[in-house]
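The report that follows concerns the side-chain pairings, nonpolar packing, cysteines and backbone geometry of the structure shown here.

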Amino acid sequence: MKRIGLAIAAVLVVGACTWLLPERFAVNAPIRNSLFGSGIDAPEAKLVEQRMRVPDGFELSMWAEDLKGARVLRFTPTGDLLVSSPVRNSIVLLERDADGDGRSDGQRVLVSDLQNPYGIDLTDGWLYIGETGALTRIAFDPGLAYDQPGEKSGAHTVGEPIRLVSDIPAGGNHWTRTVRFGPDGLVYMHVGSSCNVCIEDDPRRRAVMLRFNPDGSGEETFATGLRNSVGFDWQPGTGDLYATDNGRDLLGDDFPPCELNHLVQNGFFGWPVANGDRVPDPDQGEGQEARIEASIPPVFAFGAHNAPLGMTFIRGDAVPDDYRGGALVALHGSWNRTKKDGYKVVSLHWNDGGSISARDFLTGFEVDEDVIGRPADVTEGPDGAFYISDDYAGVIWRVAYIGAS
């Protein structure tokens, strides 16, 4: 009953904010998902066919469902897919499609009793996990390769989770902790800001990209001024690190933009004193002219408030030439707008001269303000297809190139 009461109160507050207050206070999103991480049932096949769209030559399918709060995705060496579920405090293993029916052959909880696990990565026999207050790892055996119908995955963990770093600032407005291993063999972790816009008590460990040795030692602050950089990846060929970032709220429908940043060591990327291309923040920018001038502006601007989360560079060759070397980004969808924006996956393309352009890749999650899904992460599978987590519908979508029609 308490949960129901909270939901009713939230709806009333949202209605008041949307209809009675100025535009900058607008709240317009799936409320239960935003507040509690809860969602809806997977959409029926007919609705998917009516609404969901991919580019010509690509094919969309529902690869797995019944995955409450599915977020970050990582494939194992034997082709299983690991999925973080912060609302379940668990990491789930989805078995590969050994029987060839176009769907995962099964799911099971691999690690449980974690603290809002978000980021995951695999290296040297370890599964690394970004808990909201810790960098954690657990020994992981992917099992032997298997590809026969009915054959089960032998993947399993060994022992208990080990918290390598247990004093990461926890919770706050931005509680997710994405972890990935870089080409340098070091583990990167983003820690988001504790607030919408403020001066942090510990600016070395909030709104920053941290970097550690694989055993958790040698912590250093790699980059700062990153409000909520949930997705990041290294560009093939150049080794350059790019990260999405969510712009601040409560400045109206169309400002500031969400960002793609080219991260460099010791770089400062603006938050909380600047937004977008060095525009002074109305709350924290006064008297910060020198810091604003020294900040590094984004290399690409997404729409305001559309919440770019997971991203991955396309490394395979099972796609048309104009997609190779590009990136896919999951736009989770806005909440602080009078009209919804985002709720789709886009492809980014590096053009001659260095500019970046975006194209729709997977759409239909939101149509006429009606939401049936929220993409959270995207990864490239060993089969060359792309797998997209949807934490609202509890689905893993698969998009594969089958040739132009």
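A salt bridge is here a side-chain nitrogen of Lys or Arg within 4 Å of a carboxyl oxygen of Asp or Glu. The model is a predicted one, and under this criterion it contains 23 salt bridges.

## Salt bridges

Arg211 and Glu220 satisfy the criterion, with their closest N and O atoms 2.8 Å apart. The two partners differ in burial class, because Arg211 is buried at a relative accessible area of 10%, whereas Glu220, at 27%, is partly exposed.

Another pair is formed by Asp121 and Arg74, whose side chains meet with an N to O distance of 3.8 Å. Since Asp121 belongs to strand β6 (residues 120–123) and Arg74 to strand β2 (residues 73–75), this salt bridge ties together parts that are 47 residues apart in sequence. Asp121 is buried, with a relative accessible area of 11%, and Arg74 is likewise buried, with a value of 10%.

Lys340 and Glu369 also meet in a salt bridge, at 3.4 Å from N to O. Here both partners come from loops: Lys340 lies between β22 (327–331) and β23 (344–350), and Glu369 lies between β25 (366–367) and β26 (370–371), so the pair ties together parts that are 29 residues apart in sequence. Lys340 is buried, with a relative accessible area of 11%, while Glu369 is partly exposed, with 29%. Through shared partners, salt bridges also join Arg74, Asp121 and Asp377 into one network.

The three pairs described above are set out in the table.

| Salt bridge | N to O distance | Relative accessible areas |
|---|---|---|
| Arg211 and Glu220 | 2.8 Å | Arg211 10%, Glu220 27% |
| Asp121 and Arg74 | 3.8 Å | Asp121 11%, Arg74 10% |
| Lys340 and Glu369 | 3.4 Å | Lys340 11%, Glu369 29% |

## Nonpolar cores

The largest nonpolar core has 24 residues, and the members that touch the most others in it are Met52, Leu328, Phe361, Leu362, Phe386, Ile388 and Trp397. Two or more residues of this core are given by each of the elements β1 (58–64), β24 (356–362), β28 (386–390) and β29 (395–401), and β29 gives the most, with three residues.

Which residues does Leu362 touch, when residues up to four places away in sequence are not counted? The contacts of Leu362 are with Met52, Arg53, Val54, Leu60, Lys344, Val345, Ile388 and Val399. Of the partners in that list, Met52 and Ile388 are also named among the core members that touch the most other members.

Apart from the largest core lies another one, of 17 residues, which includes Ile138, Phe140, Val230 and Leu309.

## Cysteines

A disulfide is a covalent bond between the sulfur atoms of two cysteines. The structure holds one disulfide, formed by Cys195 and Cys198, whose sulfur atoms are 1.9 Å apart. The torsion about this S-S bond is about -85°, so the disulfide is left-handed, and both Cys195 and Cys198 are buried.

Why is the sulfur of Cys258 too far for a bond? The closest cysteine sulfur, in Cys195, is 16 Å from the sulfur of Cys258, whereas a disulfide requires a pair of cysteine sulfur atoms within 2.5 Å. Cys258 counts as buried, at 2% relative accessibility.

## Backbone geometry

Most residues other than glycine have a negative phi, and most peptide bonds are trans. Against that background, several places in the backbone deserve a separate description.

A cis peptide bond joins Phe255 and Pro256, with omega about -5°, and Pro256 lies in the loop between β15 (241–245) and β16 (257–263). The peptide bond from Trp271 to Pro272 is cis as well, with omega near 5°, and Pro272 is found in the loop between β17 (267–268) and β18 (274–275).

Asn89, a residue other than glycine, has a positive phi near 55°. Asn89 is placed in the loop between β3 (81–85) and β4 (90–95), and at 26% relative accessibility it counts as partly exposed. Arg278, also a residue other than glycine, has a positive phi near 60°. The loop between β18 and β19 (279–280) holds Arg278, which counts as partly exposed at 32% relative accessibility.

Key: Residues numbered from 1 in each chain as written. Predicted model: local features only at pLDDT ≥ 70, side-chain atom pairs only at ≥ 80, totals over all residues. Heavy atoms only, no water. Helix = DSSP H or I, 4+ residues; strand = E, 2+ residues; numbered from the N terminus. Buried < 20%, exposed > 50% of the residue type's maximum accessible area, 1.4 Å probe, protein only. Core = buried A, V, L, I, M, F, W, Y, C linked by side-chain atoms within 4.5 Å. Contact = heavy atoms within 4.5 Å.
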